[in-house]
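Let's walk through this fold one helix at a time. Have your viewer ready.

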Amino acid sequence: MNPALIFAAIDGATAILAAALPELAKLAQSGTITPEDQQARLDKINTLRTDAAFTGPEWDPSGA
Amino acid sequence: MKTLKLGLVGVIGLITLIGCAALDPAGPYEGDQVLYQADGAITSSYEILHAFAKWEHDRRPALAGAPEITAYADHVRAHSREWIASALALRDAYALDPSGGAQDLQRALAILREAARQAAQYLLAATGTEPPASP
């Protein structure tokens, strides 16, 4: 396998996980969660009710 | 880089973590921790599943030697919508009547969390942080 492709896959995975960490860390937050933060979570959950959440080439079967 | 990897190792643990922060009762959740945590589990699981599907799609040529990853990505593509829809339906039922349905909601969340955990393990394996998981 082309080493450049392998490194591209590794870098991509690292970037994805690094980007996901702040969102995941919110699950462990302490203190008081403000109404604004609560509304942001509610807004996010409502985006998952739309077709757009599952639209895009990444959601198409690979055909493998 | 070491710090990043240590952080990445925590991802799988965070997927199943239950938060302990207090909710301002003036917020839209009106102090309902179960609903707030359920929504957090649903959205974070979706983010991981989506990121995994996109990562596999964008780097499929590089992953040709690992067909199990593409197979799992296709499993995620085939079922994510129903997993999320089921969790949302049970979440909405719980929101309307918190006295019942919490166990059904927890079961739906467990399915989502397991799918996200598996996807995260594949991503972590690709970074060399963890060994590949069994499909």
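Which handedness does the crossing of helix 2 and helix 3 of chain B have? It's left-handed, where left-handed means that the near helix is turned anticlockwise from the far one by less than a right angle (clockwise would be right-handed). Before going on, some housekeeping: this is a predicted model, where local features need pLDDT of at least 70 and side-chain atom pairs count only at pLDDT 80 or more, while totals for chains, interfaces and linings use all residues. Residues are numbered from 1 along each chain as its sequence is written, and chains are lettered from A and ligands numbered from 1 in the order in which they are written.

Now the layout. Chain B holds four helices and one strand, in the order α-β-α-α-α from the N terminus. Helices (H or I, at least four residues) and strands (E, at least two) are DSSP runs, numbered from the N terminus. Of the 135 residues in chain B, 42% are buried, meaning that 20 or more other C-beta atoms lie within 10 Å of a residue's own (12 or fewer is exposed, in between is partly exposed; C-beta atoms are placed from the backbone).

Helix 2 is a good one to follow. It has 26 residues, and 20 of them are buried. From first C-alpha to last it reaches 37 Å, close to the 38 Å expected at 1.5 Å a residue, where the expected span is 1.5 Å times one less than the number of residues.

Back to that first pair. Helix 2 and helix 3 (residues 67-96) of chain B have axes that come within 10 Å and cross at roughly 160°; axes are lines fitted to C-alpha atoms over the stretch in contact, with angles from 0 to 180 degrees between N-to-C directions. That makes the two roughly antiparallel, the word for angles over 145 degrees (under 35 is roughly parallel, 65 to 115 roughly perpendicular, the rest oblique). Among the helix 2 residues making this contact are Val34(B), Ala38(B) and Ile42(B), contact meaning C-beta atoms, placed from the backbone, within 7 Å.

Helix 4 (residues 102-127) of chain B packs against helix 2 (residues 33-58) at about 30°, axes 9 Å apart, so those two are roughly parallel. This crossing is left-handed. Val34(B), Ala38(B) and Ile42(B) are also among the helix 2 residues in this contact.

Finally, look at the loop between strand 1 (22-23) and helix 2 of chain B, home of Glu30(B). Its phi is near 50°, a positive value in a residue other than glycine. Glu30(B) counts as exposed because it has 12 C-beta neighbours inside 10 Å.
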